[in-house]
Amino acid sequence: MATETRTLMCLNCQKKMNVEVKVNKDKKPLETDGTGFTAGQSCSLMNLICDAEVPSDAPICKECSDQLLVDMDQQLKLLEDDCAAYRQLVDYLKEKHSNADLASYKQTLRNLKAEESALRAQFDQLCTEEARLDAELMEKKAALEEKTEEEASRWRQFRDNHRRLLDLDEKTRHADAELRYAAEQHRRLANTNALDLVFNIWVDPADGII
């Protein structure tokens, strides 16, 4: 197996570096784009490093490698802290509930489930009642709108009738005035002597003069 020097690019910072790579002449080279994965695929830096068969499949420069180790140490420290906290919580719960009555807890759980079922049934009943009341309310609103329209129509009819009544009253008063005038003229005409109008009679002398 021969070695050769290749110029590769760091997967993280894209920095060029010269790397001595062992080459197996009998093995066909992998058709890659130099980043360790084919186009159209996404992969994390850790996955590329873990999946690499040889260092040249996932080239990383020294600076990026050191930074990667620091980040991994920090993540490991966080995981260890979380694990210790969870272990402490488990120990606390075991100590606190070591003498707990499991049967009592199960009975409480069953009671809570029964109460939940009852509340759910009550909720469904209330939803049904609400739907019925909404339908009844819509029906009442429709009836109210119909009554309001009918009232408005009757009010318009009353207004028109009242206007016609006022017109008739005015005509009646006018007719009464004309009737009184005609009656007065008739009375005067009836009391008038036609001979007195034609022949003027003086009654000053004792015999009278026509």
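## Report on a predicted single-chain model

R159 is partly exposed, with a relative accessibility of 39%. Its salt-bridge partner is D160, with the side chains meeting at 3.7 Å, N to O. D160 also counts as partly exposed, at 28% relative accessibility. The structure is a predicted model, and this pair serves as an entry to its charged contacts.

**Overall architecture and confidence**

The chain has four helices and two strands, arranged along the sequence as β-β-α-α-α-α. Of its 210 residues, 6% count as buried. The chain exposes about 19100 Å², and carbon and sulfur atoms account for 56% of that area. Of the contacts between residues at least 6 apart in sequence, 31% link residues at least 24 apart.

The mean pLDDT of the chain is 79, with 68% of the residues at 70 or more. Among the elements, the highest mean pLDDT, 93, belongs to helix α3, which covers residues 102-191. Helix α1, residues 45-51, has the lowest, at 65. Over residues 29-43 the pLDDT falls below 50, and this stretch has nine contacts in the model beyond near neighbours in sequence.

**Nonpolar residues inside and at the surface**

In soluble globular proteins, nonpolar side chains tend to be buried together. In this model, the largest nonpolar core consists of six residues, namely C10, L11, M17, I60, C61 and C64. Which residues does C10 touch, leaving aside those up to four places away in sequence? The residues in question are K15, M17, P59, I60, C61 and C64. Of these, M17, I60, C61 and C64 are also listed as members of the core.

A nonpolar patch on the surface is formed by L89, Y92 and L93, which together have about 290 Å² of accessible area. L93 lies in helix α2, residues 62-96. Is L93 buried, partly exposed or exposed? L93 is classed as partly exposed because its relative accessibility is 40%, and the partly exposed class lies between the 20% limit for buried and the 50% limit for exposed residues.

**Salt bridges**

Across the whole structure, a search finds twelve salt bridges. Three of them are set out below, with the N to O distance for each pair.

| Basic residue | Acidic residue | N to O distance |
|---|---|---|
| R156 | E149 | 3.8 Å |
| R159 | D160 | 3.7 Å |
| R173 | E170 | 2.5 Å |

The partners in these pairs can be described by their exposure. R156 has a relative accessible area of 35% and is therefore partly exposed. E149, at 49% relative accessibility, is likewise partly exposed; this value lies under the 50% above which a residue counts as exposed.

How far apart along the helix are R173 and E170? These two residues are three places apart in helix α3, so about one helical turn separates them. Their closest N and O atoms are 2.5 Å apart. R173 is partly exposed at 44% relative accessibility, and E170 is partly exposed at 44% as well.

Salt bridges also occur as a network in this model, in which E129, R132 and E136 are linked.

**Summary**

The model thus pairs a six-residue nonpolar core that includes C10 with a surface patch of L89, Y92 and L93. Twelve salt bridges were found in the structure, among them the bridge between R173 and E170 in helix α3. When the model is used, confidence should be read element by element: helix α3 has a mean pLDDT of 93, whereas helix α1 has 65.

Technical notes: Residues numbered from 1 in each chain as written. Predicted model: local features only at pLDDT ≥ 70, side-chain atom pairs only at ≥ 80, totals over all residues. Heavy atoms only, no water. Core = buried A, V, L, I, M, F, W, Y, C linked by side-chain atoms within 4.5 Å. Buried < 20%, exposed > 50% of the residue type's maximum accessible area, 1.4 Å probe, protein only. Contact = heavy atoms within 4.5 Å. pLDDT = per-residue confidence, 0-100. Patch = residues over 30% accessible without salt bridge, like charges linked within 9 Å, V, L, I, M, F, W, Y side chains within 5 Å. Areas by Shrake-Rupley, 256 points an atom, 1.4 Å probe, with all protein chains shown as cover. Salt bridge = Lys/Arg side-chain N within 4 Å of Asp/Glu carboxyl O.
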